[in-house]
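Thanks for coming. I will go through one structure today, starting with its surface and ending with its internal spaces.

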Amino acid sequence: MNRPRARRRPARGRAAFRLAALFAALAVVAAACSGASGGAPFAASPTPVAATTTAPVAKPGGTLRIVTGQMPSGDPGWADQSGEQAVARLVTRQLYSYPTDPSPQSSTVPRPDLAVGAPIVTENGLVYTVRLRSAARWDTPNQRRITANDVARGIKRLCTPPNPSPLRGYFAATIVGFGRFCDALSDTPVADAAAYIESNTIEGVEIVGDDTVAFHLIAPINDFVDVLALPAAAPVPLEALAYPPDSAAYLRDLVSAGPYRFTVSPADAPGFRLARNPSWSASSDGIRRALPDHITITDGLSSEQMQQDLESGDADMSLDGVLPTSRAAELEKSKDPRLTVDPVGSTLALTVGLNGPSAAALRESTVRQALPYCVDRRSLAAALGGPDFATATGSLLQSPMTGYRAVDPFPSLGEGGDPDRCRQALAQTPGGPVTALSLLASDSSTDAAVAEALRTAFARAGIRLDVRIRTGARLAAAAVSPASQFWDLALTWITPAWYGDAGRTVFQPLLDEDWTGPRPADGGYRDPVALRQLDAALRDAGDAGDADDWSDLEQTVIGSAAVIPLAVTHTPAFHSGAVTTFTVVPSIGTADPTAVALGTG
């Protein structure tokens, strides 16, 4: 069961004002980024298998064989899926990145990548000035330097028509003038987009010099370094403007900034092959270990074919294969070292529709607050693979996140719900007893299992749950159109774009009507109190205050029962027996391929 990062959907740190203290530890960053944990013990969400398989020594060398269903384009601006972000780790860099470390306490804090250190924060938190490493180079014949203009270009092209980046919302919400630039670019003919990008600027992205860029923010916020650690913040060379974003053509002529470069593509031979990039130097990159000498990627495979190749030793890791729950359970029971479980995951929740068939009842907070008691979270987690791969939750935040507190405003014995309480509340609604509710879900096997568990749970309270299945664009449209709701409840998956100081990635797409890009299912919940709390949480620069603000916001949202958390799912990943080090990076959602060590190395 893979983390449900839906195609082109972000669900998907530390306060900027705390960066000086954070980067005081940079003397040991090299060790931390090489897989050593410098953090204190950390209580992650419970999983019985560690997120890393570590040999005594992670030796460099060998060929890492990767399999996938669809080859990512390598375009960092559109990399919002685990496999896409894994490929981006090979060939791109950001100003800041998350280190490969077995401790979530360390791997969720962004570290300098292309940047020489922490940003200089001035004007009461409104300006972040970043200086780039002079040794970072593009894989061009003259090994051209990566400049601040390349950084600006990468951010500008996120709004390229006709299919802008799904990650652009984080930049629109933070950088002065980004929204206006995007509006102008979206009105530009596609054929003229590249010229517009190169000849125009974003007001809030200032090129101070070849080695320095200054970002002007709409308001002081505490997570801007995490925004700059998104793959979408990666610099892009001038050559990239010749190709449509996120396309096969972009991949074919990709200019690498990372430790690997493509040397063979299907135009020359089956599959893709990467070798070490001679323009990259380990001394200029404290994030990527670049252990394999070569990497091959074979695409066009089904999940079943990928699993067969991994089990037989004909492949080493997959980018997007789905490990069947039954097989994952067998591997976990036998403590098979080839199984790794992501320590963080996606939160499955129910969005309550306030404009659907039962709107008269569900608009009443007292009625909504009975719905969590209709749910048997324990049985639902079992349907998702049990405690090894899914844990019941009453929270939207997870344990690696600032502000997480295991406080459930609607507790029940053993997470089993309270059918009697549910029945009584729904029998006394203003419009008469509610005896049936409709549930919006996708056609995936995971949603089907969840829907069946919910149907059984609601039936205990005498409520019939009618499942409305939609797919693709029809599902996306139905989930985020409150005015035309035909459902009462909707399954939604919330996958943070980063972890640590990550409240924005959970709550802003959920609450902010001006959010640009995909969002979780929208039931029409609009609460000015929650929006004020969101703004306060984003601006709070203190550790304790920041945590309190996010916790207060969460209690407002889940206390209203407008969104009902159900379970956190943890993705199991399988690798071959030849792999000796396999460390999951939470923000990627899978292992960092540059840090995979092979026994043949």
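The accessible surface of the chain is about 21,400 Å², and carbon and sulfur atoms account for 53% of that. Please keep in mind that this is a predicted model. The chain has 601 residues, and 59% of them are buried. As for secondary structure, there are 22 helices and 23 strands.

Let me take one helix, H12, which covers residues 325-333. Its buried residues are Ala-328, Leu-331 and Glu-332. Looking down the axis of H12, those buried residues fall within an arc of 100 degrees, so they line one face of the helix. Ser-326 and Lys-333, on the other side of H12, are exposed. What covers the buried residues? The cover includes two strands, E13 at 339-341 and E20 at 572-574. After H12 comes Lys-335, which has a positive phi, near 55 degrees.

Next, the aromatic residues. The count of aromatic pairs comes to nine. One of them is Tyr-170 with Trp-515: the ring centres are 4.9 Å apart and the planes are at 75 degrees, so this pair is edge-to-face. Where do the two residues sit? Tyr-170 is in helix H6, residues 169-172, while Trp-515 is in the loop between helix H20 (503-511) and helix H21 (528-539), so the pair ties together parts that are 345 residues apart in sequence. Buried here means under 20% relative accessible area. Tyr-170, with a relative accessible area of 0%, is therefore buried, and Trp-515 is buried with 7%.

Another edge-to-face pair is formed by Tyr-373 and Phe-410, with 6.0 Å from centre to centre and 85 degrees between the planes. Tyr-373 belongs to helix H15 (residues 371-374), and Phe-410 to the loop between strand E15 (390-392) and helix H17 (419-426), so this pair ties together parts 37 residues apart in sequence. Both partners can be put to the cut-off again. Tyr-373 has a relative accessible area of 6% and is buried; Phe-410 has 10% relative accessibility and also counts as buried. There is a cluster as well, in which ring pairs link Tyr-128, Phe-215 and Phe-224.

Now the spaces, beginning with a pocket. The second largest pocket has a volume of about 400 Å³. It is lined by 17 residues, and the closest to its centre are Ala-173, Gln-508, Asp-512, Asp-535 and Leu-538. Which elements give two or more residues to this lining? They are H6, H20 and H21. H21 provides the largest share, five residues. We have met these elements already: Tyr-170 lies in H6, and the loop that holds Trp-515 runs between H20 and H21.

Last, the largest cavity. It holds about 160 Å³ of space. Of its 15 lining residues, Arg-89, Gln-94, Ala-229, Pro-231 and Ile-588 are the closest to the centre. Two elements give two or more residues to this lining, namely helix H3 (82-91) and strand E3 (96-97). The largest share, three residues, comes from H3.

To recap the pocket and the cavity: H21 gives the largest share of the lining in the second largest pocket, and H3 does so in the largest cavity. That is where I will stop.

Conventions:
Residues are numbered from 1 along each chain as its sequence is written. This is a predicted model: local features need pLDDT of at least 70, side-chain atom pairs count only at pLDDT 80 or more; totals for chains, interfaces and linings use all residues. Side-chain values use heavy atoms; hydrogens and water are left out. Helices (H or I, at least four residues) and strands (E, at least two) are DSSP runs, numbered from the N terminus. Buried means under 20% relative accessible area, exposed over 50%, partly exposed in between (1.4 Å probe, protein chains only). Accessible areas come from the Shrake-Rupley method with a 1.4 Å probe; for residues, only the protein chains shown count as cover. The arc is that of the directions from the helix axis to the C-beta atoms. Contact means heavy atoms within 4.5 Å. Rings of Phe, Tyr and Trp (its six-membered ring) pair if their centres lie within 6.5 Å; planes under 30 degrees apart count as stacked, over 60 as edge-to-face and the rest as tilted. On a 1 Å grid over the protein atoms alone, a cavity is a set of points where a 1.4 Å probe fits but cannot get out, and a pocket is an open set with protein on both sides within 12 Å along at least five of seven lines; lining residues have an atom within 4 Å of a point. Grid points are joined across faces, edges and corners, and a volume is the space filled by probe spheres set on the points.
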